[in-house]
Amino acid sequence: DTYEGTDNPNTPLDDRKHTTIDESSIVKYWDYTFLVRRYTKDHFQSGHRAFFEGGINIRDARSIRSERETTIGATTTSDTKPIVPDRKMGRGLVGGIGAQFIDDFGVKLVPEFRYTRWIQPTFDNLSTTSRKNQFEAIVSITF
């Protein structure tokens, strides 16, 4: 909602020009994460091990779709022009912790928690703002 002009204090109604914009957007993100892990045990030692990880995350915004209704006074117009991101490729710093559990057959269960702080968010304007903090819980099963 935006109001333009000045309100006449001698009238009971608001005399300013009132504009309302309702917007809905859908974006597909592709995240590319590059990490370095430091384990608490050497790779050739048997048993379970914990790890710490850190690196960068690059986010690519694709397939942006938007629907927008603009109401000025009693007139409503609609359009489907996609919103424009501030940057198509956002960057962030990643840190995480986890553990690696290995059974007798070599199957590995790897739970981990990651935190990403987006330094360059994809969207950063009045109508659309990207979150700066991202938490993830990941469980991998490898063999």
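## Arg114 and its network

In this predicted model, Arg114 is buried, at a relative accessible area of 16%. Its side chain meets that of Glu53 in a salt bridge, 3.3 Å from N to O. Arg114 sits in strand E6 and Glu53 in strand E3, so this pair ties together parts that lie 61 residues apart in sequence. Glu53 is buried as well, with a relative accessible area of 7%.

Arg37 forms a salt bridge with Glu112, and here the closest N and O atoms are 2.8 Å apart. That's another link between distant parts of the chain: Arg37 is in strand E2 and Glu112 in strand E6 (residues 108-120), 75 residues apart. Glu112 is buried at 2% relative accessible area, while Arg37 is partly exposed at 32%. Put the two pairs together and you get a network of salt bridges linking Arg37, Glu53, Glu112 and Arg114.

## Arg68 and Glu23

The count of salt bridges comes to nine. One more to look at is Arg68 with Glu23, whose closest N and O atoms are 2.8 Å apart. Arg68 belongs to strand E3 and Glu23 to strand E2, so the pair joins parts 45 residues apart in sequence. Arg68 counts as buried at 16% relative accessibility; Glu23, at 28%, counts as partly exposed.

## Around Thr70 and Asp22

Thr70 is in strand E3 (residues 49-72) and counts as buried, with 16% relative accessibility. Leaving aside residues up to four places away in sequence, Thr70 touches Thr19, Thr20, Ile21, Thr75, Thr76 and Thr77.

Asp22 is in strand E2 (residues 17-39) and is partly exposed, at 48% relative accessible area. Together with Asp1, Glu67 and Glu69, Asp22 forms a negative surface patch.

Methods:
Residues numbered from 1 in each chain as written. Predicted model: local features only at pLDDT ≥ 70, side-chain atom pairs only at ≥ 80, totals over all residues. Heavy atoms only, no water. Patch = residues over 30% accessible without salt bridge, like charges linked within 9 Å, V, L, I, M, F, W, Y side chains within 5 Å. Areas by Shrake-Rupley, 256 points an atom, 1.4 Å probe, with all protein chains shown as cover. Salt bridge = Lys/Arg side-chain N within 4 Å of Asp/Glu carboxyl O. Lys, Arg positive; Asp, Glu negative; His and termini not counted. Charge placed at Lys NZ, Arg CZ, Asp CG, Glu CD. Helix = DSSP H or I, 4+ residues; strand = E, 2+ residues; numbered from the N terminus. Buried < 20%, exposed > 50% of the residue type's maximum accessible area, 1.4 Å probe, protein only. Contact = heavy atoms within 4.5 Å.
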